[in-house]
Amino acid sequence: YWITRFYDNYAAHVPEKHLEVRDGLTEALKQDPDSSDGWAALAAVLLDEYRFHLNERPGYPALDKAYEYAQRAVNLDPENAFAYQFLAAAHFHRGAFTDFRIAADRALKLNAGHADVLADIGHYHCVQGDWERGLPLLDRAIELSPVHPGWYHMARACHDLMNDDPQSAIVELREAPMPGFYWYHALLACFYAELGDDERTAKQVAELRGVDPIFAEHANEEVRTWCLYDALVCRLFAGWRKAGLEPA
C-alpha cells in the first residue's frame, strides 16, 4: 500500500502528502523490515526532505539516513534498480561522485526502460556539466513517459541557458509547469531576467517569494545541495541578480 502511495505522490512535492508517506513507510517497515522496495522508497522520501526541505526536521540527518536506507535496500535485493537509483542519488548529494556513477550505471543496467530511473540519473549528470551523458537519458525518459513530471525538463532548460538561449529555456521549462514549486519559479525568474522581460521576471519573483520568501538568503545552500558545477552556478546567480533577488 505505502509503495503505491509513494509512487502516487513522489513528484508532487506536497508537504502533507510527503509527511503521510514518510510516516506510513516508517511504520510499515517495522512490520516488514525485509522489503527492499520499502527501504528504497523511504530513502527517496528522506532525500526529498533534504533536497527540497519537505517536512524538514532541525538536526535530523536526513541525507545520512537516506544513504543508510538505500544501501539496506540494495543489500536486501541486489537486482533492484529502484534501490540503486536512490543509492546513486544519496551518493551524489554526499559528493561521492565515483560511487554515484557506479550505482547509477548499475541502476541503468538493471532497468534501462524505466523513465524515472533514466530521468533522475540523467538530471544528476547534467547538473555536474556532463551534458553528453545526461541529456540523452532525459530525452529517452520523456519518450518513454509522454505524461511526466516537470522536473524532467529542468536540466535541458539549464542547458539552453548555458547556450545563451533563455527563450528556449523558458519554452522547455513550461512544457510541464510546476506552479508552487520554488525551483520552478526561481529558474523562470532567472530565464526571464536574462531575456530582459521585466514584467514576467517580476511575476516569477513574486511567485517565488510567495512560496519561499527568503530564497535569495539560502541560494548558496541550494546550489551546494545539488552539487551544481561552477559555470552553471555563476550563470544562475547572474540571472537572479538581474531579477532583483540579490543572492549572497
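## The loop between α3 and α4

Histidine 53 sits in the loop that runs between α3 and α4 (62–76). In this predicted model, histidine 53 has a positive phi of about 65 degrees, although it is not a glycine. With a relative accessible area of 23%, histidine 53 is partly exposed, since the buried class ends at 20%.

Asparagine 55 belongs to the loop between α3 and α4 as well. Its phi is also positive, near 50 degrees, in a residue other than glycine. At 22% relative accessibility, asparagine 55 counts as partly exposed.

## Glutamate 49, a buried charge in α3

Let us step back into helix α3, where glutamate 49 has its place. Is glutamate 49 buried or exposed? At 1% relative accessibility, glutamate 49 counts as buried.

Which residues does glutamate 49 touch, not counting those up to four places away in sequence? Its partners are His18, Arg22, Leu54, Asn55, Glu56, Arg57, Tyr60 and Ala62. Asn55, one of these contacts, is the residue with the positive phi near 50 degrees described above. Glutamate 49 and alanine 66 are 17 residues apart along the chain, and their C-alpha atoms are separated by 9.6 Å.

## The overall fold

Now for the wider view. The protein has 14 helices and zero strands. Its radius of gyration is 18 Å, close to the 18 Å that the globule rule gives for 248 residues, so the protein is as compact as a globular protein of that length. Along the principal axes, the C-alpha trace spans about 55 × 35 × 30 Å.

Of the 248 residues, 54% count as buried. Among contacts with a separation of 6 or more, 59% come from residues 24 or more positions apart. The accessible surface comes to about 11,200 Å², and carbon and sulfur atoms account for 50% of it.

## The largest cavity

Rolling a probe the size of a water molecule over the atoms shows where empty space is left. Here the structure holds three cavities of 30 Å³ or more. The largest cavity has a volume of about 280 Å³. Of the 20 residues that line it, Phe52, His123, Trp151, Met154 and Trp226 are the closest to its centre.

Which helices each supply at least two residues of this lining? They are α3 (36–52), α7 (115–127), α9 (154–162), α11 (182–195) and α14 (230–242). By class, the lining of the largest cavity divides into 15 nonpolar, two polar and three charged residues.

## The second largest cavity and phenylalanine 6

The second largest cavity holds about 100 Å³ of space. Its lining consists of Phe6, Asn9, Tyr10, His13, Val14, Lys17, His18, Val21, Val45, Asp48 and Leu54. Two or more of these residues come from each of α1 (2–9), α2 (15–31) and α3, and α2 gives the most, with three residues. Six of the lining residues are nonpolar, three polar and two charged. His18 and Leu54, both in this lining, are also among the contacts of glutamate 49.

Phenylalanine 6, another lining residue, has its place in helix α1. At 3% relative accessibility, phenylalanine 6 counts as buried. Leaving aside neighbours within four places in sequence, phenylalanine 6 is in contact with Val21, Ala41, Ala44, Val45, Phe82 and Phe86. Val21 and Val45, included in those contacts, line the second largest cavity too. For a sense of distance, the C-alpha atoms of phenylalanine 6 and cysteine 190, which lie 184 residues apart along the chain, are separated by 32 Å.

## The largest pocket

Turning from cavities to pockets, the largest pocket has a volume of about 360 Å³. Of the 20 residues lining this pocket, those closest to its centre are Ala12, His13, Gly180, Phe181 and Tyr182. His13 appears in the lining of the second largest cavity as well. The pocket lining has 14 nonpolar, five polar and one charged residues.

## Glutamine 204 in α12

Our last stop is helix α12 (residues 198–211), where glutamine 204 is found. At 4% relative accessibility, glutamine 204 counts as buried. Beyond its neighbours within four places in sequence, glutamine 204 is in contact with Arg174, His185, Leu188, Ala189 and Tyr192.

Notes. Residues numbered from 1 in each chain as written. Predicted model: local features only at pLDDT ≥ 70, side-chain atom pairs only at ≥ 80, totals over all residues. Heavy atoms only, no water. 1 Å grid on protein atoms, 1.4 Å probe; cavity = no way out; pocket = protein on both sides within 12 Å on 5 of 7 lines; lining within 4 Å. Points joined across faces, edges and corners; volume = space filled by probe spheres on them. Helix = DSSP H or I, 4+ residues; strand = E, 2+ residues; numbered from the N terminus. Nonpolar A, V, L, I, M, F, W, Y, C, P; charged D, E, K, R; others polar. Rg over C-alpha atoms; globule rule 2.2 N^0.38 Å. Buried < 20%, exposed > 50% of the residue type's maximum accessible area, 1.4 Å probe, protein only. Contact = heavy atoms within 4.5 Å. Areas by Shrake-Rupley, 256 points an atom, 1.4 Å probe, with all protein chains shown as cover.
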